[in-house]
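Okay, thanks everyone, I'll keep this short. Let's put the structure up and walk through a few side chains together.

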Amino acid sequence: ALKFLDEKGEFLGPEEASEVVRLANNCNFEFADVDTLGCYIKNFTYDQRHIEMVKDLELVDVEAIRRAHFNVAIDAVNSVGGVILPKLLGQLGVTQVTGINTDPTGDFAHNPEPLKEHLSEIRNLMRKGRHDIGFVVDPDVDRLALVCEDGSMFGEENTLVAVADYILSEMSETENHPPLNTVSNLSSTRALRDVTEKYGGTYTAAAVGEVNVTTKMKETGAVIGGEGNGGVIYPDSHYGRDALAGIGLFLSLLAKKDCKVSELRATYPEYHIAKNRIDLTPETDVDAILAQVKE
């Protein structure tokens, strides 16, 4: 798909993108010769700049994380997470890190979607009882799944719920805080609404798609939002899904709660969600399917 981003690196919404295309169609372009397209610049500072951004977040408590002496396992599916997650964890004060699939070859060791059925390796590692938390990211490190200390799944649906619970709890104790509103897409757990209302905030559902979530977050002034696939969007950092910010916030929550991850998971509502797909073929009667859905 062709996606447009603004100067902040945020996706343009459908209406804004359509306006870009309309303006482009009304312009008389002169195209550069292939030998004079311009230049490119190498800049290797962005990993550290991103890590500093996470560390500077007010609700990321680096000292609390350091004092907790967490033992962490990570699965980076042989992509860029294998480069940046060890750096991030080290600078957050986590000295005990076990990495699997951290060589960024791009040759994925398993299906890259961070779902339970794909994560037997790190779950088996966690069952040995030597780690407090397991972090799993997708290839571009915007989705975050959590594995409990006993090898059970915290649930990618609950990544956002836990982070939101922490942010709303902390903000609710401050004076003159903004409305404690949240947003997630329609393909997400109802638990976020429950947690939001516990703190007197308002939950709003957005259409599926990251740009729809961020647009709705800006409309409602949401302090936290995201998607039920483990995508955390925290405006204090930027309007994009970010597993690094999610890790910093979750470890801060865990350090302050001083409990096991499975115990933290048990404090949230237990909902079940089925995300099944229908594969269409030329013979599929789509109208009949939609009629059944409507009924």
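So, let's start with the aromatics: Phe-135, Phe-154, Phe-250 and Tyr-268 form one aromatic cluster. Before I go on, keep in mind that this is a predicted model.

How many aromatic pairs does the structure hold? The count is three. I'll go through two of those. One of them is Phe-154 with Phe-250, an edge-to-face pair with 5.5 Å centre to centre and 80 degrees between the planes. In sequence these two are 96 residues apart, so the pair links distant parts of the chain. Phe-154 comes from the loop between strand 4 (144–147) and helix 6 (156–172), and Phe-250 comes from helix 9, residues 243–257. Both Phe-154 and Phe-250 are buried.

Phe-154 also pairs with Tyr-268. That one is edge-to-face too, at 6.5 Å centre to centre and with 80 degrees between the planes. Why does this pair tie together parts 114 residues apart in sequence? Because Phe-154 lies in the loop between strand 4 and helix 6, while Tyr-268 lies in the loop between helix 10 (261–265) and helix 11. As for burial, Phe-154 has a relative accessible area of 1%, and Tyr-268 has 5%, so Tyr-268 counts as buried as well.

Okay, back to helix 9, since Ala-245 is found there too. Is Ala-245 buried or exposed? Buried, with a relative accessible area of 1%. If we leave out residues up to four places away in sequence, Ala-245 touches Val-54, Leu-57 and Ser-237. And for anyone who likes C-alpha distances: Ala-245 and Leu-144 are 101 residues apart in sequence but 9.9 Å apart in space, C-alpha to C-alpha.

One more ring for you, this time with a charge. The charged end of Lys-218 sits over the ring of Tyr-239, and its distance from the ring centre is 4.9 Å.

Last stop, the surface. Which residues form a nonpolar patch there? They are Ile-278, Leu-280, Val-286 and Leu-290, and together they have about 390 Å² of accessible area. Leu-290 has its place in helix 11, residues 286–294. Its relative accessible area is 51%, and exposed means over 50%, so Leu-290 counts as exposed.

So, to recap: we have one aromatic cluster made by Phe-135, Phe-154, Phe-250 and Tyr-268, a buried Ala-245 in helix 9, Lys-218 over the ring of Tyr-239, and a nonpolar surface patch that includes Leu-290. That's it from me, happy to rotate the view if anyone wants another look.

Notes. Residues are numbered from 1 along each chain as its sequence is written. This is a predicted model: local features need pLDDT of at least 70, side-chain atom pairs count only at pLDDT 80 or more; totals for chains, interfaces and linings use all residues. Side-chain values use heavy atoms; hydrogens and water are left out. Patches are made of residues with over 30% relative accessible area and no salt bridge: like charges are joined within 9 Å, nonpolar side chains (Val, Leu, Ile, Met, Phe, Trp, Tyr) within 5 Å. Accessible areas come from the Shrake-Rupley method with a 1.4 Å probe; for residues, only the protein chains shown count as cover. A salt bridge is a side-chain nitrogen of Lys or Arg within 4 Å of a carboxyl oxygen of Asp or Glu. Helices (H or I, at least four residues) and strands (E, at least two) are DSSP runs, numbered from the N terminus. Buried means under 20% relative accessible area, exposed over 50%, partly exposed in between (1.4 Å probe, protein chains only). Rings of Phe, Tyr and Trp (its six-membered ring) pair if their centres lie within 6.5 Å; planes under 30 degrees apart count as stacked, over 60 as edge-to-face and the rest as tilted. A charge sits over a ring if NZ of Lys or CZ of Arg is within 6 Å of the ring centre and within 35 degrees of the ring normal. Contact means heavy atoms within 4.5 Å.
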